[in-house]
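Let's take a walk through this protein together, going from one helix to the wider fold. Keep the viewer open as you read.

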Amino acid sequence: MKLGAQLFFVLNNLEVFSGLPCEMDKNLSEEDSDNIDWDTEDELEIQDTTFSSCRDLRTTGQHAISGDGEASSSSVPGQSKFIQKFIVMGFPEESIAKAIEQNGENSDLVLDALLTLKAIEDSPEEQPSASPHLEPCISSDDSSSEYNENFLDDVYEEDSWSSDSDFCINSAKQCYLKDESSSLSEKEQTLLSLANMGYPVEEVSIAMERCGPEASLAELTDFICAAQMARAEDPYLPEDVKPKLKHISNGSGYKRKMFNQLCKRKKQRVIFDEETIRLPKPMIGFGVPAESVPAMVQRTLPEQAFGPPFFYYENVALAPKGVWDTISRFLYDIEPEFVDSKYFCAAARKRGYIHNLPIENRFPLLPLPPRTINEALPLTKKWWPSWDPRTKLNCLQTAIGSARLTDRIRKAVEAFDGEPPMRVQKYVLDQCRKWNLVWVGRNKVAPLEPDEVEMLLGFPKNHTRGGGISRTDRYKSLGNSFQVDTVAYHLSVLKDLFPNGINVLSLFSGIGGAEVALYRLGIQLNNVVSVEKSEVNRNIVRSWWEQTNQTGNLIDFDDVQQLNGDRLEQLIDSFGGFDLIIGGSPCNNLAGSNRVSRDGLEGKESSLFYDYVRILDLVKSIMSRHR
């Protein structure tokens, strides 16, 4: 039996005879450990069971637990063992029969169907006083990408019981767990111990993966509590999905001590302010093709910001408070231009840009890209339900929804002849917005294909395809790239300034969004020095360069730190200097969805911004001497 299923069976047996809910992801397994649920999963209803003594716990309720830990039904002795094991888990017999009818006697499929049914019953939405039947729902959302920007579920909230009941219940649990744990591996025992302490299993699994197999219980609980508090402070999470830390801060015991230690540690060190900045609405910068800013809007650049060279820096708009102030200060106090790419294509992409380019006489790439989902993906229009109001996709990320998730959505919607009830609609729409799922058939949603993501971001078809590049690498590379139409609109002013071509220093090049934008604008690329750490991305750019028959020179480096003063002097001497320095340093430590290492510009990856500044200053200094 899989690890998650074993723990589910063990802890739900405890639930049967104790009446306490075991707050954990009921369908977590080794294979699904990378499928992280970003939403809260509601607590199971607590059975109204009273206890008189520890001995009574073994025979209380509908099922009796024998001394060896096996469960049997006292009320339906004629049922098969297959049905009995699901009854022991607490599922209604009617639901079990329906799940078996749909899936046959396959334990994993039946369990998955039962959990799907159970999730709707426990929905936080208002429930009718009487529930004649269970309604299917999506109980978790799964990511099939290597890189997940994880949110953790609500922490376990203990219920109020008398001290005598607590003692009996805990004693019974420990007795039962002792028998069960003897057959578990060391990893399983650690996971089971933390789950018994009240930590959700998926949070424990994440902590064990991040902290390593040798981590102590104290290190694991430290990691979990820190992640819970970080998520609780996230200004972009709705209140109803934030971790409930009341039981930590007001309770007693180990969790309270851990919470207090973490708070003390937080006060003792300098913490980066994670409050995000206020962004303009609408987010159109100094104008977009469809909407212009008033003519009186002007900007004045500081004298030291003037080129040569021109420079252009990009990063995520929703960075922690103070980040863009710092970026602006290091880039000559130029005001950021915040633009959402939803004004250029069918997907949102909120970004900030600091540059010394002119802002007059910009023009867009032609033909104009489709601006709505149905225009960009016309085959979806036939299947799009009337209760899905989306016309734009959210920001295209490096992670996508899994087949398991889309199958759950299909089952949830198929359970109803007409429109599903509001609760089901809400769950489905939440998952569709989160994972950018689109309707591809009756009751069928699917993640975007890589070539669809390429199209939405303005890259040519098959730009990232082939050459040994996996689908995972394609999604990851595309998720970290420029939106070409947006960047091209800003760079369009260079066409008349450089009629004979341009020399470009492309830092953190990714898959060549800047190069593609300039090429599509009709600006000749004379010399491009591309700096990109990822070999996959460097191969993509090199392949595009050759396939588009570029006549200029492409020189690539794999590390910005290789570009010191001597190397830059040599490059400038060889072709007379750079006309444009363009790039966006990694946003890993800036993105709001990174709750583990959101360290701002001091983070390991995002601190590379200072290399952008260093290189820009060196180039300006060298070129001023050569004039």
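**A walk through the model**

Start in helix α13, which spans residues 403-414: Asp407 and Arg410 both sit there, three residues apart, or about one turn of the helix. Their side chains meet in a salt bridge, with 2.5 Å from N to O. Asp407 is partly exposed, with a relative accessible area of 26%, and Arg410 is partly exposed too, at 25%. The pairing does not end with these two residues, since salt bridges that share partners join Asp407, Arg410, Lys411 and Glu414 into one network.

Before going further, please bear in mind that this is a predicted model. The mean pLDDT of the protein is 74, and 65% of its residues reach 70 or more. Over residues 1-78 the pLDDT is below 50, and this stretch has 195 contacts in the model beyond near neighbours in sequence. Residues 245-256 also stay under 50, and for them the model has 26 contacts beyond four places in sequence.

Now step back to view the whole chain. The secondary structure comes to 22 helices and 11 strands. Of the 627 residues in the protein, 54% are buried. What share of the contacts with a separation of 6 or more comes from residues 24 or more positions apart? That share is 73%. On the outside, the protein exposes about 29100 Å², and carbon and sulfur atoms supply 49% of that area.

Let's return to charged pairs. Side chains of opposite charge can pair when their charged atoms come close. The count of salt bridges in this model comes to 14. One of them joins Arg362 to Glu337, with the closest N and O atoms 2.9 Å apart. Arg362 lies in the loop between β5 (350-355) and α12 (373-376), while Glu337 belongs to strand β4 (residues 337-340), so this pair ties together parts that are 25 residues apart in sequence. Are these two partners buried or exposed? Both Arg362 and Glu337 are buried.

Another salt bridge brings together the side chains of Lys350 and Asp340, at 3.4 Å from N to O. Here Lys350 comes from strand β5 and Asp340 from strand β4, so the pair ties together parts that are 10 residues apart in sequence. The two ends of this bridge are worth viewing one by one. Lys350 has 32% relative accessibility and therefore counts as partly exposed. Asp340, at 3% relative accessibility, counts as buried.

Next, look at the aromatic rings. A search of the whole structure finds 15 aromatic pairs. In one of them, Tyr313 and Trp324 meet edge-to-face, with 6.5 Å from centre to centre and 65° between the planes. Tyr313 lies in strand β3 (residues 310-316) and Trp324 in helix α11 (residues 323-330), so the pair ties together parts that are 11 residues apart in sequence. Both Tyr313 and Trp324 are buried. A second pair to find is Phe575 with Phe578: their ring centres are 5.3 Å apart and their planes are at 75°, so this pair is edge-to-face. Phe575 and Phe578 are buried as well.

Which residues form one aromatic cluster with Tyr313 and Trp324? The other members are Phe330, Phe338, Phe609, Tyr610 and Tyr612. While you have the rings on display, find Tyr332 too: the charged end of Lys620 sits over its ring, 5.5 Å from the centre.

Our last stop is Leu568, whose place is in helix α21 (residues 565-575). Leu568 has a relative accessible area of 0%, so it is buried. What does Leu568 touch, not counting residues up to four places away in sequence? Its contacts are Leu505, Leu563, Ile615, Leu618, Val619 and Ile622. Among these, Ile622 is 54 residues from Leu568 in sequence, and the two are 8.2 Å apart in space, C-alpha to C-alpha.

Definitions and conventions
Residues numbered from 1 in each chain as written. Predicted model: local features only at pLDDT ≥ 70, side-chain atom pairs only at ≥ 80, totals over all residues. Heavy atoms only, no water. pLDDT = per-residue confidence, 0-100. Contact = heavy atoms within 4.5 Å. Phe/Tyr/Trp six-rings, centres within 6.5 Å; stacked < 30°, edge-to-face > 60°. Helix = DSSP H or I, 4+ residues; strand = E, 2+ residues; numbered from the N terminus. Buried < 20%, exposed > 50% of the residue type's maximum accessible area, 1.4 Å probe, protein only. Lys NZ or Arg CZ within 6 Å of the ring centre and 35° of its normal. Areas by Shrake-Rupley, 256 points an atom, 1.4 Å probe, with all protein chains shown as cover. Salt bridge = Lys/Arg side-chain N within 4 Å of Asp/Glu carboxyl O.
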